[in-house]
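Student: I have the model open and want to test the contact calls. Can we go through the reasoning?
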Amino acid sequence: MKPKTSIKIGLLGLGVVGAGVAQTLLQKGPLFASRTGCTLEIKKILVRDIAKKRGAAVPEALLTMDAEEILGDSEIEIVIELMGGEQPAHDYICRAVSSGKHVVTANKEVLAKHGPELLSMAEAHGVSIFYEASVGGGIPLIAPFRQELIANEIHGIQAIINGTTNYILTKMSQEGLPFDIALKQAQELGYAEADPTNDVEAHDAAYKLSILATLAFRSDVRPADIYREGISRLTPKDFKYAQELGYAIKLLAIGKLNDGAIQVRVHPALVPIDLLLAKVDGVFNAVYVEGDLVGRVLFYGQGAGSLPTSSSVVANVLDLAQSLSTGATPRPNIRLDAPKALLPFGDIRTRYYLRVSVADRPGVLAQIAKVLGDHLISISSFIQKESDESAQTAEIVIMTHLAQESAMLAARTDLEKLTTVYEIGSFIRVEG
Ligand code: NAP
Ligand code: HSE
């Protein structure tokens, strides 16, 4: 490849991240030229509505509502996709790649659903797709998996990878707020979107886990392979009881290797308060990785936001520019190992927290203990939290030892059949 002294860029999207990336490239041009050996020029920026008022100091002449002005421009060598959503982002990435353009994207949904096909397509066209910002915003994660951790067999990932839900859980825990009030605050601060489903029902975290698990276990993991449960059913009572028992409640994304099979799940979990993950508060993200050589490493930082995310996007652009400026071929895509099986979710083993509303009369605890015992589930603690004498009801909290998920679900069904059990208010897994 011929060395370049100038590279033209097309930007798809000028929202939270796009505006940060545009400003960074415009303001730090001379520095980046000296670091990469070539100048970077934004030639066009695609937006949905050109008339929209924008805070970003970007020349209006750069804006277009016609994607063809970027995808059909043979001078543009790097396309930065920051529109979000599956379509038309996926189509535009395919078109950019098939016309020989390198792509940098922060789009976890597209990467999680179509990553392996897109990376193969890019390889066939001799271009790269870089996606550092798709997981963990400004935290370097994709590059360490591709490079610095490549000598390891990764045994597990345990992560908080959604800032919006972590903010909501922090508010519920520290201020005793119900879920809907904490969500409203997150929306007012601009963390949660008007439609918060993607974040609170854990789709966003599942997309990110699918990308991380594919890199970590070198096997194709898609969002549909991941067990997913959101945070909308958690109540202030659970935070209070968890704290009394020495736990925080976090939305965890977990990937583990069990005898060569991959388990992948995203759900709320009780986490012992003395673990670092329990102390990750607000919109921060943290990812623990465990490898056979390196042991445990922790990545921590701002998982979202305009400038932190721009840090990752622009790093990918500069990496590409460095290669293009010297005529070198950009870094190759990762190679996957032979495919690994997925562990059925019913086969996972963990501990459980149950909050149960029962009739407050003799023999009820014995009935519950018998149901759990019949399913080979051992109780580690059994606490009566509250009773209402007039209604003759009591609330109990049960913590189990390690048990198999399928046994626990069967026990839950049997508990619900007892006439003395009025409601299983919460059923939360416990991770150590
Ligand atoms: P955003 O604020 O909603 O911005 C989206 C931009 O894309 C807007 O400028 C919008 O144009 C444009 N756009 C959307 N659909 C379009 C279409 N069909 N045609 C033309 N333009 C279109 O999104 P964002 O928060 O910057 O997120 C961008 C990407 O980064 C997403 O994939 C997201 O998951 C990822 N990401 C975001 C963060 C974060 O902190 N926000 C962190 C990590 C990763 P208008 O301005 O005219 O509406
Ligand atoms: N909605 C995401 C979050 C943005 O809250 O973490 C960053 O990907």
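Student: What makes Arg54 a polar contact of ligand 1?
Tutor: This is a predicted model. In it, a polar side-chain atom of Arg54 lies 2.8 Å from an oxygen atom of ligand 1. The cut-off for N or O pairs is 3.5 Å, so the pair counts.

Student: Which backbone atoms have a polar atom pair with ligand 1?
Tutor: A polar backbone atom of Arg48 is 2.9 Å from a ligand 1 oxygen. For Gly305, the backbone distance to an oxygen of ligand 1 is 2.7 Å. Both pairs are within 3.5 Å, so both are polar contacts. Taken alone, ligand 1 exposes 900 Å², and the protein buries 80% of that.

Student: How do you know that Lys108 and Thr164 make polar contacts with ligand 2?
Tutor: A polar side-chain atom of Lys108 lies 2.5 Å from an oxygen atom of ligand 2. Thr164 also places a polar side-chain atom 2.5 Å from a ligand 2 oxygen. Gly163 uses a polar backbone atom, at 2.8 Å. The limit is 3.5 Å, so these pairs qualify. Ligand 2 alone exposes 260 Å², of which the protein buries 83%.

Student: Why is Asp199 called a residue around ligand 2?
Tutor: Asp199 is listed among the residues around ligand 2. That means a heavy atom of the residue lies within 4 Å of the ligand, which means it counts as near.

Student: Which helices each supply at least two residues of that shell?
Tutor: Helix 7 (163-175) and helix 10 (203-217) do. By class, the ligand 2 shell has one nonpolar, four polar and four charged residues.

How values were computed: Residues numbered from 1 in each chain as written. Chains lettered and ligands numbered in written order. Predicted model: local features only at pLDDT ≥ 70, side-chain atom pairs only at ≥ 80, totals over all residues. Heavy atoms only, no water. Polar contact = N/O pair within 3.5 Å; in protein donor to acceptor, adjacent residues only side chain to side chain. Areas by Shrake-Rupley, 256 points an atom, 1.4 Å probe, with all protein chains shown as cover. Helix = DSSP H or I, 4+ residues; strand = E, 2+ residues; numbered from the N terminus. Nonpolar A, V, L, I, M, F, W, Y, C, P; charged D, E, K, R; others polar.
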